Amino acid sequence: MTAKTQQTTTSQPWLLALALSMPVILLPSSRLFMLLFGVLAILGVFMLIGLLRHRQTYNGEDKALQVLPRCFLFIWLPMLISCIDASMPEPALKSTGLYLTYGLAALAVAVLLRAKAAFKQVAVLLSVVVGIWAFNGVAQVALGVDMFNKPLAEPAGYANSFFVNSQEFGFYLGALAAIPLYTLYLVGANRLTHLLVTILLIAGVLLGGVRSGWIMFAWALLPYFYLLYIKPAKRKIIPLIVTPAFFGGIMMAIVSFSQLVQQQVTHT
């Protein structure tokens, strides 16, 4: 009886992690993503009401619930202010209003993770998903088809992996590609694993051909490189020179395989 109870307790965080990861897993299918995302947003409404009703305050002790509204307002308020002189006010206001649902869904995720600690499990699952996206996209460009024999979407030369087009793939991969790297850092993976995964993700993001994805991933790489290569070094000048030169060379080698990506880099 004790062993069965222990097994159930161990599996619960993974089941919660799988449930919370499903919207990201289903990102290539916009309808299924919106369905699960809507469920999280509705849960967020009830959780917000509960927090305000029963605790008379948002939450003064939980660090995640302190940081969450500040991060959301940091993103959302500039969007709201920009609606004042938007060239198309109605679509801008609609998009800004819809972003409130992201805050509610994030609140639901934060409360659920607090109730049943599954942060590590979520990070692992999302890392696996993002790694498969990147591998599938690189395989498409290198072989002409992906692991399911799916050909490249137009324009040929840009990866689209499981997504409808390369624009979606490049944007979402760029936004999420840092997750596997920081997960590897948190679990203490060796340098070779870090190196191989970093090269795979750089290749996937570049071959997506979306400049916004490149920018998001590049910003996320800066603290990662600092934590992994620069901070532990006794002579910090060495990794400051070697790390950008090495990964810059890797990027140029990857870019040389796709003429369209070369054009995009030149344009950027």
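**An all-helix chain: packing, a patch and two positive phi values**

Start at the end of α7. Right after that helix comes Gly188, and its phi is positive, near 75 degrees. Keep in mind that this is a predicted model.

Stay with α7 for a moment. The helix covers residues 178–187. Which of its residues are buried? Ala178, Pro180, Leu181, Thr183 and Leu184. And what do they pack against? Four helices: α5 (119–143), α6 (166–176), α8 (191–208) and α9 (211–230).

Now the overall picture. The protein chain has 11 helices and 0 strands. Read from the N terminus, the elements are α from start to end. There are 268 residues, and 36% of them are buried. The accessible surface is about 16100 Å². Carbon and sulfur atoms account for 71% of that surface. Next, contacts across the sequence. Take contacts between residues at least 6 apart in sequence: 64% of these join residues at least 24 apart.

On to helix pairs. Two packed helices are described by the angle between their axes and the distance between the axes. I have two pairs to show.

The first pair is α3 and α4. α3 spans residues 63–82, and α4 spans residues 89–115. Their axes come within 10 Å and cross at roughly 170 degrees. That makes the two helices roughly antiparallel, since an angle over 145 degrees counts as such. Who meets whom? From α3, we have Leu65, Leu68, Phe72, Trp76, Met79 and Leu80. Across from them, α4 supplies Thr96, Tyr99, Leu100, Gly103, Ala106, Leu107, Ala110, Val111 and Arg114. Why would such positions recur along a helix? An α-helix has 3.6 residues a turn, so residues three or four places apart point the same way.

Look at Thr96 in that list. Thr96 sits in helix α4. Is Thr96 buried or exposed? Buried, because its relative accessible area is 3%, and the cut-off is under 20%. Set aside its neighbours within four places in sequence, and Thr96 is in contact with Trp76, Met79, Leu80 and Cys83.

Now the surface side. Leu73, Leu77, Leu80, Ile81, Ile84 and Leu93 form a nonpolar patch on the surface. Together they have about 570 Å² of accessible area. Which helix gives the most to the patch? Helix α3, with 4 residues. Leu80 turns up twice here: as a member of the patch, and as one of the α3 residues that meet α4. Leu77, another patch member, also lies in α3. Leu77 is partly exposed, because its relative accessible area is 37%, between the 20% and 50% limits.

The second pair is α6 and α9. Their axes come within 7 Å and cross at roughly 5 degrees. So α6 and α9 are roughly parallel to each other. In α6, the residues are Gly170, Phe171, Gly174 and Ala175. They meet Ser212, Gly213, Met216 and Phe217 in α9. Both helices came up earlier, as partners of the buried residues of α7.

One last residue: Ser161. Where is Ser161 found? In the loop between α5 and α6. Its phi is near 50 degrees, a positive value in a residue other than glycine. Ser161 also counts as buried, because its relative accessibility is 0%.

To recap the pairs. α3 and α4 are roughly antiparallel. α6 and α9 are roughly parallel.

Terms used: Residues are numbered from 1 along each chain as its sequence is written. This is a predicted model: local features need pLDDT of at least 70, side-chain atom pairs count only at pLDDT 80 or more; totals for chains, interfaces and linings use all residues. Side-chain values use heavy atoms; hydrogens and water are left out. Patches are made of residues with over 30% relative accessible area and no salt bridge: like charges are joined within 9 Å, nonpolar side chains (Val, Leu, Ile, Met, Phe, Trp, Tyr) within 5 Å. Accessible areas come from the Shrake-Rupley method with a 1.4 Å probe; for residues, only the protein chains shown count as cover. A salt bridge is a side-chain nitrogen of Lys or Arg within 4 Å of a carboxyl oxygen of Asp or Glu. Buried means under 20% relative accessible area, exposed over 50%, partly exposed in between (1.4 Å probe, protein chains only). Contact means heavy atoms within 4.5 Å. Axes are lines fitted to C-alpha atoms, for helices over the stretch in contact, and angles run from 0 to 180 degrees between N-to-C directions. Angles under 35 degrees count as roughly parallel, over 145 as roughly antiparallel, 65 to 115 as roughly perpendicular and the rest as oblique.
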